[in-house]
Amino acid sequence: MDNIIDLASEQGLPLFSLRLLVPPLRLMCAFMWQVTQQRNVMQYGKLEEFVTLVTEMVPELLNSRQRTQLILGLRARMVLELCCSAGSADLLTIQAHLDIIHTLTETSLHKESHGDELDASDSNFVELVQTLLGDPSEREHFFQEVFPVHYGPRYDTALQTLVWEFLSRLEELLPVPDLTQITAWLGAAPSVLEECGQTVFDPEQLKTVLQHHQHHGNLNNSHVSNYTTDTILSTLSLPPIIRVVINYEPDNSDNVRPFSDDDEDHNEILDEGTDRCLEDLGLSTSEQQEGLSPAETSVLVTPVPCDGAQP
């Protein structure tokens with residue numbers, strides 16, 4: 001996840017490039033972590049909604065106490081942010097947040113061994129919010145003196161720790177599959193494979209991604225083999241008419257005629273590239289190929305001329 005953040009912030013890749021490189025869920029996780037690190041309180045609602053949804057489906061990502069503290073902490077911090085500008089605050093929005101906090105603490109009481117602490121958190125925080133909204137002098141004192149101490153760096157660090165634990169566990173649950181795994185999934189789902197083949201991508205977007213990474217030296221050439229290139233080029237370079245004979249000693253069957261040195265139809269014509277290809281494929285031009293019995297018959301490969309004439 002740190003790599004995704006570095007990619008976006010330090011290297012300045014645009015969003016469409018990140019979407020080509022990063023799975024959507026991992027990109028969402030990186031966004032959530034950035035929200036937490038930057039203390040972007042007005043985005044805490046999205047983070048809290050994400051945490052709530054995911055932990056409802058996979059409760060083991062956080063224990064009950066961690067989950068309750070994280071969701072309560074995010075929601076409470078949003079409420080205080082709204083109270084800070086109480087002159088323009090939407091009281092209905094604040095009350096909706098308080099109702100959610102109350103519901104959360106009520107539903108969590110039977111799961112926790114710290115029910116009294118949760119109950120006090122609910123009632124005391126609601127009372128604090130009501131005071132801030134009703135008394136401007138108390139609100140000013142709170143945000144100047146109390147807030148920096150109790151809701152400052154220590155509170156933010158606690159939120160970041162819980163968010164990181166949550167996102168790290170989620171990353172363990174959903175590792176990014178490699179090419180082999182993805183190919184297997186597509187092979188098992190022909191309809192999905194067909195849809196992938198019809199996917200339209202923007203060539204300019206792909207160019208941006210490739211040009212960006214081309215200058216960072218991430219490509220390892222040590223594993224590149226010349227075999228495929230040599231094989232194809234040597235095959236394409238063959239003369240228009242050529243017969244390649246792999247001559248094995250025949251048996252005594254009447255249907256098989258031994259090759260003679262004078263038999264022009266079975267002259268062995270092998271260029272260097274073809275010979276190497278045959279050896280790489282486990283074949284041999286010798287009459288006594290290892291592993292083959294004398295009963296093996298000859299193999300005759302006859303490329304057809306381009307004009308369709310028979311050799």
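Begin by selecting Phe142, Phe143, Phe147, Tyr151 and Tyr155, which ring pairs link into a cluster. As you look at these side chains, keep in mind that the model is a predicted one. Within the cluster, narrow the selection to Phe147 and Tyr151, whose rings form a stacked aromatic pair, with 5.8 Å from centre to centre and 15° between the planes. Both Phe147 and Tyr151 are buried, so a surface view should be switched off or made transparent before you look for them, given that buried stands for under 20% relative accessible area.

The count of aromatic pairs comes to 8. For another of these pairs, select Trp33 and Trp164, whose ring centres lie 4.9 Å apart and whose planes meet at 55°, so that the pair counts as tilted. This pair links distant parts of the chain, since Trp33 belongs to helix α3 and Trp164 to helix α9, 131 residues apart. The two partners can be compared by their accessibility: Trp33 is buried, at 8% relative accessibility, whereas Trp164, at 31%, counts as partly exposed.

Next, turn to the charged side chains. Side chains of opposite charge can pair when their charged atoms come close. How many salt bridges does a search of the whole structure find? The search finds 4, and three stops follow.

For one of them, select Arg39 and Asp156, which form a salt bridge whose closest N and O atoms are 3.3 Å apart. Here too distant parts of the chain are linked, with Arg39 in the loop between α3 (24–37) and α4 (44–57) and Asp156 in helix α9 (residues 153–173), 117 residues apart. Arg39, at 42% relative accessibility, counts as partly exposed, while Asp156, at 9%, counts as buried.

Now move to Glu48 and Arg75, where the closest N and O atoms of the salt bridge are 2.6 Å apart. Glu48 sits in helix α4 and Arg75 in helix α5 (residues 64–84), so that this pair, too, links distant parts of the chain, 27 residues apart. Are these two residues, Glu48 and Arg75, buried or exposed? Both of them are buried.

Stay with helix α5 for the next selection, Arg77 and Glu81, which both lie in that helix, 4 residues apart, or about one turn. They form a salt bridge in which the closest N and O atoms are 3.1 Å apart. Arg77 is buried, with a relative accessible area of 10%, but Glu81, at 31% relative accessibility, counts as partly exposed.

Finally, colour the chain by pLDDT, which is the predictor's confidence in each residue. The chain averages 74, and 63% of the residues score at least 70. Where in the chain is confidence lowest, and where is it highest? It is lowest in strand β2 (residues 299–301), with a mean of 44, and highest in α9, at 95. Helix α9 is also the helix that holds Asp156 and Trp164, which you have already visited.

Two stretches deserve a separate selection. Over residues 263–271 the pLDDT is below 50, and this stretch has 19 contacts in the model beyond near neighbours in sequence. Over residues 284–306 the pLDDT likewise stays under 50, and for this stretch the model has 48 contacts beyond four places in sequence.

Notes: Residues numbered from 1 in each chain as written. Predicted model: local features only at pLDDT ≥ 70, side-chain atom pairs only at ≥ 80, totals over all residues. Heavy atoms only, no water. Salt bridge = Lys/Arg side-chain N within 4 Å of Asp/Glu carboxyl O. Helix = DSSP H or I, 4+ residues; strand = E, 2+ residues; numbered from the N terminus. Buried < 20%, exposed > 50% of the residue type's maximum accessible area, 1.4 Å probe, protein only. pLDDT = per-residue confidence, 0-100. Contact = heavy atoms within 4.5 Å. Phe/Tyr/Trp six-rings, centres within 6.5 Å; stacked < 30°, edge-to-face > 60°.
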